[in-house]
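Student: Please choose one part of this molecule and take me through it closely, and then show me how that part fits with the rest. I would rather have one long, connected answer than a list.

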Amino acid sequence: RTATGPGAHAHAVRCLAMAARGAVHQLVTASEDGRICLWDPRALDTPLDVADLRPPRNAPGAFGAAGMRPSGSLAPSAIALASDEAAGFLVGTQEGWVCTVGSTGGSGVAVDAVVATHGGPVTSVDCHSAPTRGGTLSASASAGLRLSSAVDWSIRVWHSSAPTAPVATVAVDVGCGCVADARWSPYNP
């Protein structure tokens, strides 16, 4: 077990993602208490940046006030990095929200907006990053597509330019159980 410095995670890490933007690689981790850490993979003893994930003031409540943690932080359950955004990523939460999160210029990370809501904890989020190969969508139209799934038996497809209106919602038969994961196909997007 690696000893961590001040400001690192004090609770269990629920999700992680590797960001490779150019020659710079960073590891993004999120723990149950809403803490997000950005790490240099070559030096995992101290995080580069630390922030607590808190909802914006105007965030809708998928579960209402009862779904919020006492500290007011959000509990992350999924992370996806968008290749078309320089420093941002998506976070799915146990409260049923999908949030866009961005860097605040070296002073931390902050929720930019709640872009989609589900009726239960979000199990996965994914950003469309594969170029289209003769499909019905152009590369520019598919670049902003986002995908989220949740334990409310739904999968939502939405576009980053109009995040509050899903492009499509697929309801899975209740007898099948919840949707555990959903991803874009890298070969047939």
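Tutor: Let us begin with a pair of charged residues towards the end of the chain, where Arg183 forms a salt bridge with Asp181, and the closest N and O atoms are 3.7 Å apart. Please keep in mind throughout that this is a predicted model, and that each distance here is computed from it. Asp181 has a relative accessible area of 47%, and so it is partly exposed. Its neighbour in our reading, Ala180, lies in the segment after β12, the strand that covers residues 168-171. Ala180 counts as exposed because its relative accessibility is 56%, and the cut-off for that word is over 50%. Although 31 residues separate Ala180 from Ser149 along the chain, their C-alpha atoms are 7.4 Å from each other.

That pairing of separate stretches is a good reason to look at the strand and loop that come before β12. Arg156 sits in strand β11, which runs over residues 154-159. This arginine is buried and yet has no salt bridge, since its nearest side chain of opposite charge, Asp152, is 4.7 Å away, whereas the rule asks for a nitrogen within 4 Å of a carboxyl oxygen. If we set aside residues up to four places away in sequence, Arg156 touches Thr117, His118, Arg146, Leu147, Ser148, Pro166, Ala168 and Thr169. Ser160, in turn, is placed in the loop between β11 and β12, and with a relative accessible area of 35% it is described as partly exposed. Its C-alpha atom is 5.1 Å from that of Gly144, although the two are 16 residues apart along the chain. Beyond its neighbours within four places in sequence, Ser160 is in contact with Gly144 and Arg146, and Arg146 also appears among the residues that Arg156 touches.

We can now return to salt bridges, of which the count comes to four. One of them joins Arg14 to Glu32, with the closest N and O atoms 3.9 Å apart. This pair links distant parts of the chain, because Arg14 belongs to strand β1 while Glu32 lies in the loop between β2 and β3, 18 residues apart. Arg14, at 42% relative accessibility, counts as partly exposed, and Glu32, at 32%, counts as partly exposed as well. Another salt bridge joins Arg42 to Asp40, where the closest N and O atoms are 3.3 Å apart. Here the two partners have contrasting surroundings, for Arg42 is exposed at a relative accessible area of 74%, whereas Asp40 is buried at 18%.

From there it is a natural step to β3 and β4, which pair in the antiparallel sense over four bridges. Within this pairing, the bridge partner of Arg35 in β4 is Asp52. Strand β4, residues 49-52, shows an alternation of side chains: Asp49 and Ala51 point to one face and are buried, while Val50 and Asp52 point to the other face and are not.

What, then, lies at the nonpolar interior? The largest nonpolar core has 16 residues, and Ile36, Leu53, Ile79, Phe89, Val91, Cys99 and Val101 are those that touch the most other members. The elements that give two or more residues to this core are β1 (13-21), β2 (24-31), β3 (35-39), β6 (89-93), β7 (97-103) and β8 (109-117). Among these, β7 gives the most, with three residues. A second, separate core of 10 residues includes Ala80, Leu90, Val115 and Cys127.

Finally, we can step back to the whole chain. Its secondary structure comes to one helix and 12 strands, and read along the sequence they follow the pattern β-β-β-β-β-β-β-β-β-α-β-β-β. Of the 189 residues in the protein chain, 41% are buried. Among contacts with a separation of 6 or more, 47% are between residues 24 or more positions apart. The chain exposes about 9,700 Å², and carbon and sulfur atoms supply 55% of that area.

Conventions. Residues numbered from 1 in each chain as written. Predicted model: local features only at pLDDT ≥ 70, side-chain atom pairs only at ≥ 80, totals over all residues. Heavy atoms only, no water. Buried < 20%, exposed > 50% of the residue type's maximum accessible area, 1.4 Å probe, protein only. Contact = heavy atoms within 4.5 Å. Areas by Shrake-Rupley, 256 points an atom, 1.4 Å probe, with all protein chains shown as cover. Lys, Arg positive; Asp, Glu negative; His and termini not counted. Core = buried A, V, L, I, M, F, W, Y, C linked by side-chain atoms within 4.5 Å. Pairing = 2+ DSSP bridges.
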